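User: I am new to reading protein models and would like to understand how the descriptive words are justified. Could we go through some of them together?

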Amino acid sequence: MGPIGPAHVESKRRYPRIHGVIHSAIVLQDKGLAGMDEARFRRGLAAKVDVCVRLAQVFEGEDLDFTLFFSSAQSFSKSPGQSHYTAGCTFKDAFARALARHWHGRVKVMNWGYWGHTGIVSTSDYQERMHQAGIGSIEPEEGMVALDALLNGPLDQLALMKIIKLAVGMP
């Protein structure tokens, strides 16, 4: 398949050889599933599902060294109010595994834990929720070490979470 859309055309003009593609997208609109309308659920899901499918369509003819999907540890757990995000991450993990069977280059998945000092969930409210749950923030240096291990190691999927020990009876 040839160039698809103006962004791909411009990318190929600037960089005739694309070595890798990273999918990192999120629409996080926390709300319990019972109170969430379908449109809201779809918005959160589309950031994962639609972009995965489009990425495969656009880059299927490229001789990529790697394709990297940033997913979440949410694929393996549940968190109140994040059903749309969890469903999208679970899809992304499965899509990457299916893509790897016929794709050019390596396909890797990083299931990130909580990044508390950067990004969409770096608010004090999220920080407190995560602390109460015993989940610590991944710091950039720790994340880059894990990412390097994934990209340069034999594993195709890696999860990184930081668990903190809470003192009993301490606020």
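User: Which residues of α5 are buried?

Analyst: This is a predicted model, and in it the buried residues of α5 are G143, A146, L147, L150 and L151.

User: What makes these buried residues of α5 line one face of the helix?

Analyst: Looking down the axis of α5, the buried residues fall within an arc of 130°, so they line one face of the helix. In general, an α-helix has 3.6 residues a turn, so residues three or four places apart point the same way. The face turned away from the buried side of α5 carries the exposed residues E141, V145 and N152.

User: What do the buried residues of α5 pack against?

Analyst: They pack against β2, β3 and β5. Of these strands, β2 and β3 pair in the parallel sense over seven bridges, while four bridges join β3 to β5, which also run parallel. M110 in β3 takes part on both sides, since F70 stands opposite M110, and the bridge partner of M110 in β5 is L158.

User: Why is the pair of F70 and W112 called edge-to-face?

Analyst: The two ring centres are 5.5 Å apart, and rings count as a pair if their centres lie within 6.5 Å. The angle between the planes of F70 and W112 is 80°, and planes over 60 degrees apart count as edge-to-face, so the name applies. The pair also links distant parts of the chain, because F70 lies in β2 and W112 in β3, 42 residues apart.

User: How do you know whether F70 and W112 are buried or exposed?

Analyst: F70 has a relative accessibility of 18% and W112 one of 9%; buried means under 20%, so F70 counts as buried, and so does W112. Strand β3, to which W112 belongs, is mostly covered, with six of its seven residues buried.

User: Why is T86 called buried, and which residues does T86 touch?

Analyst: T86, found in helix α3, has a relative accessible area of 15%, and because buried means under 20%, T86 is called buried. Leaving aside residues up to four places away in sequence, T86 touches Q74 and S77.

User: What makes the charged end of R129 count as sitting over the ring of Y126?

Analyst: The charged end of R129 is 4.8 Å from the centre of the Y126 ring, which satisfies the distance limit of within 6 Å. The charge must also be within 35 degrees of the ring normal, and the charged end of R129 is indeed listed as sitting over that ring.

Note on methods: Residues are numbered from 1 along each chain as its sequence is written. This is a predicted model: local features need pLDDT of at least 70, side-chain atom pairs count only at pLDDT 80 or more; totals for chains, interfaces and linings use all residues. Side-chain values use heavy atoms; hydrogens and water are left out. Rings of Phe, Tyr and Trp (its six-membered ring) pair if their centres lie within 6.5 Å; planes under 30 degrees apart count as stacked, over 60 as edge-to-face and the rest as tilted. Helices (H or I, at least four residues) and strands (E, at least two) are DSSP runs, numbered from the N terminus. Buried means under 20% relative accessible area, exposed over 50%, partly exposed in between (1.4 Å probe, protein chains only). Two strands pair if DSSP finds at least two bridges between them. Contact means heavy atoms within 4.5 Å. The arc is that of the directions from the helix axis to the C-beta atoms.
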